[in-house]
Amino acid sequence: MRNGQGERVKNEKKKELWRSVKFLLFSVSAGVIQIGSFSLLNELLHLDYWVSYLIALVLSVVWNFTLNRRYTFQSANNVPIAMLKVAMFYAVFTPASTWLEHFLAGQQGWNEYLVTGINMVLNFVLEFLYDRFFVFRDSLDTNDRAKK
């Protein structure tokens with residue numbers, strides 16, 4: 001491997017590592033929104049557990065999508081198409097995670113916050129891979145921030 005090519009590979013690895021760190025940080029902020037809104041809905045309004053979870057999940061998804069599209073993946077792609085792709089992910093993830101929440105917390109008696117945390121970790125890993133390799137694959141680093 002020539003030195004120039006090796007340097008390019010090294011720079012790409014750094015860029016991907018930084019992209020992963022940004023995704024983690026924005027996901028943590030989305031997690032704060034999710035757990036905060038879940039707590040308000042579950043503890044103060046006493047909504048059904050799954051309703052609280054579902055509303056909190058939607059709020060965190062919108063937040064996370066907005067920040068990650070702009071800053072992590074720096075994508076200039078069509079927002080409705082990208083959001084539709086994310087909606088496709090959640091069309092599968094949401095019923096599966098809601099069922100898992102209901103089964104573990106509702107039927108098996110697991111702690112509601114532990115189960116929510118498990119689903120948040122699953123969501124983080126699966127959504128990063130889905131966003132990186134499907135939603136934004138062809139539009140990475142194409143927005144005005146990336147061109148600076």
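# A tour of a four-helix chain

Start by selecting tyrosine 90: helix H3 has a kink of about 30° centred on this residue. You're looking at a predicted model, by the way.

**Stop 1: the whole chain**

Zoom out and colour by secondary structure. The protein chain shows four helices and zero strands, and reading along the sequence gives the pattern α-α-α-α. Line the view up with the principal axes and the C-alpha atoms fill a box of roughly 60 × 30 × 25 Å. If you colour by accessibility, 37% of the 148 residues count as buried. Now turn on contacts between residues at least 6 apart in sequence: 75% of them join residues at least 24 apart.

**Stop 2: helix H3**

Select residues 79–107, which make up H3. How far apart are its end C-alpha atoms? They sit 39 Å apart, and that agrees with the 42 Å that 29 residues should span at 1.5 Å a residue. Keep the kink at tyrosine 90 in view while you're here.

Next, show side chains for the buried set in H3: Ala82, Val86, Phe89, Tyr90, Phe93, Thr94, Ser97, Thr98, Leu100, Glu101, Leu104 and Ala105. So the residue at the centre of the kink, Tyr90, is itself on the buried list, because its relative accessible area falls under the 20% cut-off. As you step through the list, bear in mind that an α-helix has 3.6 residues a turn, so residues three or four places apart point the same way. What covers these buried residues? H2 and H4 are included in the cover.

Before leaving H3, pick methionine 83, which has its place in this helix. Methionine 83 is partly exposed, with a relative accessible area of 28%. Draw a distance from its C-alpha to that of arginine 69: the two are 14 residues apart along the chain and separated by 9.8 Å.

**Stop 3: H2 against H4**

Select residues 49–72 for H2 and 112–135 for H4. Two packed helices are described by the angle between their axes and the distance between the axes. Here the axes come within 12 Å and cross at roughly 30°, and the crossing is right-handed.

Which residues meet at this contact? On the H2 side, show Tyr49, Tyr53, Leu57 and Asn64; on the H4 side, show Glu112, Val115, Thr116, Asn119, Asn123 and Glu127. Colour that contact by class and you get four nonpolar, four polar and two charged residues.

While H2 is highlighted, check its length too. This helix has 24 residues and reaches 32 Å from first C-alpha to last, close to the 34 Å expected at 1.5 Å a residue.

**Stop 4: two residues on H4**

Go to leucine 122, which lies in H4. Buried or exposed? Neither label fits: leucine 122 is partly exposed, with a relative accessible area of 38%. Leaving aside neighbours within four places in sequence, leucine 122 is in contact with Phe93 and Leu100, and both of those partners are on the buried list for H3. Then draw a line to arginine 145: leucine 122 and arginine 145 are 23 residues apart in sequence and 29 Å apart in space, C-alpha to C-alpha.

Now click phenylalanine 124, also found in H4. At 27% relative accessibility, phenylalanine 124 counts as partly exposed. Its contacts, again leaving aside neighbours within four places, are with Phe23, Leu24 and Ser27. Those three partners fall within H1, which runs 3–44. Try one more distance here: the C-alpha atoms of phenylalanine 124 and alanine 30 are separated by 10.0 Å, though the residues are 94 apart along the chain.

**Stop 5: the positive phi angles**

Finish with the backbone. Most residues other than glycine have a negative phi, so the next few are worth a click.

- Histidine 46 is in the loop between H1 and H2. Its phi is near 55°, and at 61% relative accessibility the residue counts as exposed.
- Glutamine 74 comes just after H2 and takes a positive phi of about 45°.
- Aspartate 141 is in the segment after H4. Its phi is near 55°, and at 24% relative accessibility the residue counts as partly exposed.

Note on methods. Residues are numbered from 1 along each chain as its sequence is written. This is a predicted model: local features need pLDDT of at least 70, side-chain atom pairs count only at pLDDT 80 or more; totals for chains, interfaces and linings use all residues. Side-chain values use heavy atoms; hydrogens and water are left out. Axes are lines fitted to C-alpha atoms, for helices over the stretch in contact, and angles run from 0 to 180 degrees between N-to-C directions. Helices (H or I, at least four residues) and strands (E, at least two) are DSSP runs, numbered from the N terminus. A crossing is left-handed if the near helix is turned anticlockwise from the far one by less than a right angle, and right-handed if clockwise. Contact means heavy atoms within 4.5 Å. Ala, Val, Leu, Ile, Met, Phe, Trp, Tyr, Cys and Pro count as nonpolar, Asp, Glu, Lys and Arg as charged, and the others, Gly among them, as polar. The expected span of a helix is 1.5 Å times one less than its number of residues. The bend at a residue is the angle between axes fitted to the seven residues ending there and the seven starting there. Buried means under 20% relative accessible area, exposed over 50%, partly exposed in between (1.4 Å probe, protein chains only).
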